[in-house]
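Please open the structure below in your viewer and keep the selection tool at hand. The tour goes from one selection to the next and says what is to be found at each stop.

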Amino acid sequence: MKLIENYVRSLINETIDKGITRVSYDQYIENLFELVPATKKVGIINLVELVMRATQGTPVPRPLGSHLHFSPWEKLLFNPVHLFRFPTPENVGIDTSVTIGNNTRKPLTLSIPIMIAAMSFGGALSKSAKIALAKGASMAGTATNTGEAGLMEEERAAASLLIGQYNRGGWMNTPEKYNRLDAIEIQLGQGAQGSSPQRTSVKNIGEDYREVFELSEGEDAVIHSRLPGVYNKEDFIQLVRKLKDETGVPVGLKIAASHHLEKELEIALEAEVDFVTVDGAEGGTHGGAPTLQDDMGLPTLFSISRAAQFFINKQVFKKTNIIATGGLVTPGQILKAMALGADAVYIGTAAVMALVSEQMVETVPFEPPTSLVVYTGKMTDTLDIDKGARSLSRYLNACVKEMELVAISMGRTALSEVAKSDLCSLDPFLSKATGVKLGYISDEEQGRFFSESQSFFSPYSPHVEQNSGTVSQPH
Amino acid sequence: MDQKELLNTLSYLSSEISRIETMAGTLSSIEKEHYNKLAGFDHNELRDVAVEEHSASRQLGTIKQMCVSMNQKITNLEESLKNS
C-alpha cells in the first residue's frame with residue numbers, strides 16, 4: 001500500500017512539475033494556459049455552446065432556461081414587526097389559499113399560491129413525470145398545467161386541479177378537451193422562447209405522444225408563432241369570450257413579458273380575461289435557443305411590478321389575477337413576487353428538481369438527473385412516480401411553511417395580505433421603478449433623499465427634431 | 001317556488017355553509033396541531049404523515065375561505081331578492 005502511495009505521489013509530482021515547466025517556458029501563443037484566459041473571456045457556457053453550434057450547425061436547445069439572473073430579488077428585503085404592529089400570534093393560522101377568477105361561474109381555488117408550471121408531455125416531460133407532478137400538486141392542494149400539449153388522460157385523472165393551455169399547436173383547442181379543464185390559459189408565448197415557433201421532429205415522437213397530440217404517423221409536432229385563428233385583436237377578444245361562455249372556468253392569457261407589456265395587457269383587459277400569466281425572461285424550457293433565453297424578454301420582477309401598477313391604474317388589481325412565473329426558485333422570491341402584486345406563481349425548474357431530488361442518485365454520475373423526467377430521457381422508466389410526488393409535496397409544504405413564517409413576522413394573517421409596504425429596497429433605482437421604499441433611509445426621509453438626488457433619476461427626454469420628426473440623443 | 005320560499009332556502013343554505021365553515025376551521029386547527037406534533041419526530045414515515053396533515057390543514061382552511069365566499073354570494077342574492 002505504501003509502495004502504491006509513493007508511486008502515485010511521485011507520478012503527481014512529476015506531472016505537476018512538467019505542467020508548470022511547460023506553462024512557464026512555452027510561448028503564450030502556443031501555451032496550454034491560453035485556454036484559461038480564453039475561456040474566461042468567452043465564458044465556459046458560451047464556449048461549450050459555441051462548440052455545439054460549430055458541431056451541429058443548428059440552434060442548440062439549452063434545457064431549463066437562462067442561467068442569467070436578471071431579477072434583483074436579493075435587493076428586496078421583508079420588514080419584520082415587533083411593536084409598531086405586532087407579529088401574528090403563533091396559534092393563528094395563516095391563510096394560504098388563493099382564488100383565481102373570482103367572478104367566473106367556476107372559480108379556481110387553490111390551497112397554496114404555488115402552482116406547477118406549464119411543462120408539456122412529450123415536448124418536454126415524460127408521461128410518468130407529468131403524472132408525478134400532477135399527484136404532487138394534488139397532494140398539496142394546488143394545480144398543475146398541461147403545457148402546450150393535448151389532454152393526457154392519466155394527467156387529468158391524477159390532477160385534482162388542471163390548467164390547460166389553449167395552444168399554438170392546436171392540440172387542446174377543441175371543446176371536448178378544454179371543457180374538461182379547471183382553467184384555460186391561452187398560450188401566446190413563454191419567457192424562455194418568446195413567441196418563436198418550435199418543432200418536435202418525428203424521430204422524437206413516440207406512440208403515446210402521437211396519441212395525445214393526435215398526430216398522424218410521420219408528422220412533426222409544430223408550435224406556430226401565432227395562435228391558429230387569432231390574426232388580430234378582435235379574434236383574440238372573441239376567443240376569450242367564447243371560451244368563458246362555453247366553459248365557465250377562469251380563462252387567462254400567458255405571454256412572455258416584454259417592454260410592450262402594458263400594450264399587451266390593455267388588449268387582455270379589453271377581452272376581459274380572468275387572469276394574466278406573465279412569464280419573465282428567466283423562464284425555463286425543455287430546450288430552447290440560448291439567444292431566446294438570454295437576450296429577450298423582461299425580468300420577472302419588473303414584469304410583476306409593471307403588470308400590478310397597470311392593473312391598479314385600470315382599477316382591476318386583484319379582480320383580474322396576476323400569475324407570475326420565470327425563474328422563481330426560493331420561497332422568499334415567491335413571497336416577494338406576491339408582495340409586488342402577483343396573486344399566485346408557477347414554478348417549473350424548481351418543481352422538477354424537487355421531484356427528482358431523492359431519486360437523482362439513480363442517474364448521477366453517468367447521466368444528468370433530468371434523464372429521469374424528460375420525454376427523450378434514457379431513464380424515464382426508472383422514475384418512481386409516488387416517491388417523486390411525495391418529494392414535490394414535501395417541497396411545496398416546506399416552501400409555504402417558510403412563507404407563513406415570514407407572514408407571521410410581518411403581522412399578516414394571509415399570504416395574500418403581504419404587500420409592497422412589507423418590503424424595503426437596497427437599490428434607489430429599484431425603489432423608483434417598483435415603488436418599494438428605499439431601505440437606506442427612513443420613511444420620512446424618502447422625499448428629501450429623492451429630491452436631493454433628482455439629477456440621478458431625471459427621466460430620459462429625447463429631443464425631437466421638429467422638422468424631421470426624428471429623435472436624437474440629448475447633448 | 002315563491003319568493004318567501006326562495007329566501008328561506010337561501011337562509012337554510014347560508015346557515016349550513018356557516019356550519020361547514022366552522023367545522024372546517026376547527027378541523028384545520030386540529031390538523032395543524034397534529035402536524036406540529038408529528039414534525040417533531042425523527043422518523044421519515046411520520047414526517048410524511050406530518051406533511052399530509054399540514055396539507056390537509058391548508059385544504060380545510062381553503063374550504064373555510066370558499067364557504068365565506070359562498071355565503072357572501074348568498075347574502076348578495078338575498079339582498080337583491082328582497083329589493084326586487
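Which side chain does E214(A) meet in a salt bridge? Select E214(A) together with K177(A), whose side chains meet in a salt bridge at 3.1 Å, N to O, the term standing for a side-chain nitrogen of Lys or Arg within 4 Å of a carboxyl oxygen of Asp or Glu. Before going further, note that this is a predicted model, in which local features need pLDDT of at least 70, side-chain atom pairs count only at pLDDT 80 or more, and totals for chains, interfaces and linings use all residues. Residues are numbered from 1 along each chain as its sequence is written, chains are lettered from A and ligands numbered from 1 in the order in which they are written, and side-chain values use heavy atoms, with hydrogens and water left out.

**Salt bridges within chain A**

Stay with the pair just selected: E214(A) lies in the loop between α7 (207-213) and β9 of chain A, and K177(A) in helix α6 (residues 175-178), so the salt bridge ties together parts that are 37 residues apart in sequence. Helices here are DSSP runs of H or I with at least four residues, and strands are runs of E with at least two, both numbered from the N terminus. E214(A) is exposed, with a relative accessible area of 60%, whereas K177(A) is buried at 11%; buried means under 20% relative accessible area, exposed over 50%, and partly exposed in between, with a 1.4 Å probe and protein chains only.

Next select R85(A) and D422(A), whose side chains meet in a salt bridge at 3.2 Å, N to O. R85(A) is in the loop between β1 (76-78) and β2 (98-100), and D422(A) is in the loop between α14 (385-409) and β14 (423-425), so this pair ties together parts of chain A that are 337 residues apart in sequence. R85(A) is partly exposed, with a relative accessible area of 26%, while D422(A), at 1%, counts as buried. Over all chains, a search of the whole structure finds 30 salt bridges.

**Where the two chains meet**

Now show both chains and select R394(A) with D48(B), a salt bridge in which the closest N and O atoms are 2.4 Å apart. R394(A) lies in helix α14 of chain A and D48(B) in helix α2 of chain B, so the pair joins two chains. R394(A) is partly exposed at 24% relative accessible area, and D48(B) is buried at 17%. Extend the selection to E358(A) and R390(A), since salt bridges that share partners join these two residues, R394(A) and D48(B) into one network.

A further stop between the chains is the salt bridge of E404(A) and R58(B), at 2.9 Å, N to O; the count between chain B and chain A is three salt bridges. For the wider view, select the 12 residues of chain B that are in contact with 22 residues of chain A, where contact means heavy atoms within 4.5 Å. The area buried between the chains is about 1,300 Å², of which carbon and sulfur atoms give 43%; buried area is the accessible area (1.4 Å probe) that two parts lose on being put together, summed over both.

**Aromatic groups and two buried residues**

Which residues form one aromatic cluster? Select F121(A), W171(A), Y209(A), F213(A) and Y375(A) to see them. Then move to F449(A) and F450(A), an edge-to-face aromatic pair at 5.2 Å centre to centre with 90° between the planes; rings of Phe, Tyr and Trp (its six-membered ring) pair if their centres lie within 6.5 Å, and planes under 30 degrees apart count as stacked, over 60 as edge-to-face and the rest as tilted. F449(A) is partly exposed at 22% relative accessible area, whereas F450(A) is buried at 14%.

From F449(A), go to L227(A), whose C-alpha atom is separated from that of F449(A) by 48 Å. L227(A) is found in the loop between β9 (221-223) and α8 (233-247) of chain A and, at 2% relative accessibility, counts as buried. Leaving aside neighbours within four places in sequence, its contacts include Y166(A), I186(A) and L239(A).

Finish at T434(A), in helix α15 (residues 428-434) of chain A, which counts as buried at 4% relative accessibility. Not counting residues up to four places away in sequence, T434(A) touches L301(A), F302(A), S305(A), L340(A) and K420(A).
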